[in-house]
Amino acid sequence: MGETNLTRADGRKAAFRKLLSTEFYLLLFLVAILVVMRVAAPGFYSMNVIMTVLNYFSYLLIAAIGMNLIILTSNIDVAAGAIISVVAIVIAFVGKTGAPIGVFMPVGMLTGFLLSLINGLFITRLKIPAIVATLATTQLFIGFLPLVVEGSIYDLPATFTWLSFKAKLFGFLPASVIFAAVITVGFMLFMRYSQFSKKIYAVGNNQHAATLSGINVNKVMVAAFMIAGPLYGIAGTIIATAGQRVTTTMANGFEFSIIAAVVLGGTSISGGSGRIIGTVLGALILSIISPAMNYIGLSSDWSDAVMGAIILLAVIVSSVSQLTKKKGTIAEVTT
Amino acid sequence: MDEVLRLDHIVKTFPGVLALDDMNFDLRAGEIHAICGENGAGKSTLMKIVTGVYKPDSGEICIDGQPVSFESPNDAFAKGVAIIYQETSLFEEMTILENIFLGHEITRKKLGFRAIDYAAMRREAQDIFGIMNVHLDLDERAKNLGMAQKQMVEIAKALSYKSKILILDEPTASLTAREVDALFGIVRSLKEQGVAIAYISHRLEEIFELCDRVTVVRDGKFISCHAVGETNKDMLVADMVGRSMDNYYPKADVEIGGELIRAEHLNQAGVLRDVSFRINKGEIVGFAGLAGAGRTELAQALCGFTKLDSGDLYIEGNKVRIGSYRDALDAGFVYVSEDRGKYGLVVEMSVKHNITMPQLSKMKKGLFLDNGLEKRTADRFVDELGIKCPDCEFLTENLSGGNQQKVSVSKAIAMDPKLLILDEPTRGVDVGSKAEIHNIVSGLAKKGLTIFMISSEMPELIGMCDRIYIMKNGTIAGELPRGEATQEKILKVALDVA
């Protein structure tokens, strides 16, 4: 019979290959930064800095998890920053009345949900490529805000900034970190154990085959946007409540950091492959870079360029490892 | 035997096309029923109706005697209908296990959620592979599998649905002879277990080897249905084309000139071993062998797509070194790939643009392209090769496989090569177009073009070629001149049966 078995040696090689994943390299890189900082700038390890890093990391990660789902279905969402800006203004309106977080956070999530849903529907119903659709809605959302609000909403009450200043576990751990942790674990379980997550990967891998497997491709794509929306909402809430003033341009351009975290985390920009753990590491590295550079005495002007270089490096490493893997595993069809 | 599937008077139209016209088909438990017909005869549409991808305009589908209506592929899966497509539809970045159960994962309640039960899926997958006598690592990603392995996974996927009806669409198109045997073993054992199997194939030999009945379709219509014992290849071919096929493999007599190419001791680690051959001007030289014997690899090395480790190549007696395809083109070699869609054509572009693409630099008038010259060039080939299209501005993707192949060949000969390398020129092409392509190739040889032809269809090589080299395990295992070559002799060398 034409046995098509992989030998045990192949299996061991495969296990080794699996270990040398993107996540592994990212972890190495992260540890390297942390060690360098320990030696070069011990002041980096102060409570204050760590908490600042963690706070930024939290909302970047929460938004990036949503973006990851969208990119996995081989779409992209450049409107994420604009949506978060709108969310911030909307909840500032609600928060100005003295409403507690139990009211304005759900409002923020609902806002994110609706705006993201609009993107999803444009893409699936009208067959507009994701980059074009979300580019257009970005302008629309950003352009709409100054018409409603003049510059910013300020003098927000203490009930509004409660999340950032008062809500701390054990007196030091910000609530945003708890949110991020719960959401991350939740989505890790979701990606492993839900049937729906398999459809997300299937759609990203091969839309045609997914259709033939009885998957409603449009539904899965819209669902990815529908899930990402509330996550943007939570991220927007964390960003907005950091101060008593919320401006209309609060998160404009933030989409690039979100997308960067996802791509750095090893998610293929063409969809179909990538894991939450990668996004976590990607977001963490991006969160650390800017303050780290600050502490070793480099001007923050450099941080964008350095981040760009890191992303480029990550993409090159993954593309090179893809190429060598392909070479090594041209399947033997002759036996 | 029980009839499990019956299609009655199915009609399906697409805008401007009558794809199925009063089609009938039935399938019994425990039989293998072949469906054959030219490309575009309606086989694929028929299968997509059975699997719920398309809805018929009229007519009735019955499963186990009950009329059914499929709104989506899921409805068909639920009724036990599974299909394995010609191009495997696996998800490359996902594991074998995830692929097998995609869309119907085994779940159990965990903390109030329906969670995927990987352990149960693993057990069931192992059971299915056990039945099939296949051993694959369930955690391997599909992208790391060979074609045959992918097909095994597809079959396992079908079995995981507990399908009663299994449709195989050209399953052997890219398998080696040995893998085909393994596949047939699996298909026969499924038949023993009472699965009803519809088997679509271009290879008539397979139908007689494997199947119980055969239905022929042509132009969307049911033509005939026979037990295989009551029919033969000629009858089937006649049913498929609606005319007799006398000139199946024509070969015009051509004067053979002096040596054009001589290869000596070509080596490429793990792929080619000590390959030596010569080709004379005006010859059609065939390269036979099983899939994986190194024929395509040899052609690609000649064309500079891959690098040779050692060996010498002479063109008209002069030693040459080919390091890239550019060098090969300069030397006068042109390669026509077996995979038209992937390497041969840009199907989203017009026939004209495909034909003139490699030599746009010759089509310039001043700074700009000379549209008139492009059009004249393309029109000449459309005319000479009989490409069936309204005009040369027609999009290539809307042509049939055979006509696309003619565009591929046009593109190659428009470069005015010395040596035309054809890799499986009639793969996936219907019977009528096959004869046309044979005529074209023969006509080119008559004009003095030298042709290097790889084919897995032995009658085609025997009919067309002046000489045939037989490859095995990356080396030339034998050579037969025209007149001495028979299928038995070729096969014996290819299989190394002394």
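Me: Helices (H or I, at least four residues) and strands (E, at least two) are DSSP runs, numbered from the N terminus. Between which two strands of chain B is the loop that holds B:Glu316?

Reply: This is a predicted model, in which local features need pLDDT of at least 70, side-chain atom pairs count only at pLDDT 80 or more, and totals for chains, interfaces and linings use all residues. Residues are numbered from 1 along each chain as its sequence is written, while chains are lettered from A and ligands numbered from 1 in the order in which they are written. B:Glu316 has a positive phi of about 45°, although it is not a glycine. The loop that holds B:Glu316 runs between strand S16 (310–315) and strand S17 (318–320) of chain B.

Me: Does B:Glu316 count as buried, partly exposed or exposed?

Reply: A residue is buried if 20 or more other C-beta atoms lie within 10 Å of its own, exposed if 12 or fewer, and partly exposed in between, with C-beta atoms placed from the backbone. Because B:Glu316 has 13 C-beta neighbours inside 10 Å, it counts as partly exposed.

Me: Which strand of chain B holds B:Asp22?

Reply: B:Asp22 is a residue other than glycine with a positive phi, near 55°. Most residues other than glycine have a negative phi. B:Asp22 is partly exposed, with 14 other C-beta atoms within 10 Å, and its place is in strand S2 (residues 17–28).

Me: What is the radius of gyration of chain B?

Reply: Chain B has 17 helices and 24 strands. The globule rule (2.2 Å times the number of residues to the power 0.38, for a radius taken over C-alpha atoms) gives 23 Å for 498 residues, and the value for chain B is close to this, so chain B is as compact as a globular protein of that length. Its C-alpha trace spans about 75 × 55 × 50 Å along the principal axes, and the radius of gyration is 25 Å.

Me: How far apart do the C-alpha centres of domain 1 and domain 2 of chain B lie?

Reply: By an automatic or database domain assignment, chain B is divided into domain 1 (3–241) and domain 2 (259–495). The C-alpha centres of these two domains are separated by 33 Å.

Me: Which are the edge strands of the open sheet that contains S9 and S10 of chain B?

Reply: Six strands form this sheet in the order S6-S9-S10-S3-S11-S12, with mixed pairing, where two strands pair if DSSP finds at least two bridges between them. S6(B) is joined by four bridges to the parallel strand S9 (residues 165–169), and in that pair B:Ala82 stands opposite B:Leu166. Since each pairs on one side only, the edge strands are S6 (81–84) and S12 (221–227) of chain B.

Me: Which residue is the bridge partner of B:Val285 in S22(B)?

Reply: A second six-strand open sheet of chain B follows the order S18-S21-S22-S15-S23-S24, with mixed pairing. Within it, strand S15 (residues 284–288) and strand S22 (residues 450–454) run parallel and are joined by four bridges. The partner of B:Val285 in S22(B) is B:Phe452.

Me: At about what angle does helix H15 of chain B run to S22(B)?

Reply: Axes are lines fitted to C-alpha atoms, for helices over the stretch in contact, and angles run from 0 to 180 degrees between N-to-C directions. Helix H15 (residues 431–446) lies across S15, strand S21 (419–423) and S22 of chain B, and its angle to S22(B) is about 150°.

Me: Are H3(A) and H11(A) roughly parallel or antiparallel to each other?

Reply: Chain A has 14 helices and four strands, among them helix H3 (residues 47–72) and helix H11 (residues 217–240), whose axes come within 8 Å and cross at roughly 170°. Angles under 35 degrees count as roughly parallel, over 145 as roughly antiparallel, 65 to 115 as roughly perpendicular and the rest as oblique. H3(A) and H11(A) are therefore roughly antiparallel.

Me: Which helix of chain B do the buried residues of H9(A) pack against?

Reply: Eight of the 11 residues of helix H9 (residues 195–205) of chain A are buried, so this helix is largely enclosed by the rest of the structure. The buried residues include A:Lys198, A:Tyr201 and A:Asn205. They pack against H3, helix H10 (207–212) and H11 of chain A, and in chain B against helix H3 (96–101).

Key: Two residues are in contact if their C-beta atoms, placed from the backbone, lie within 7 Å.
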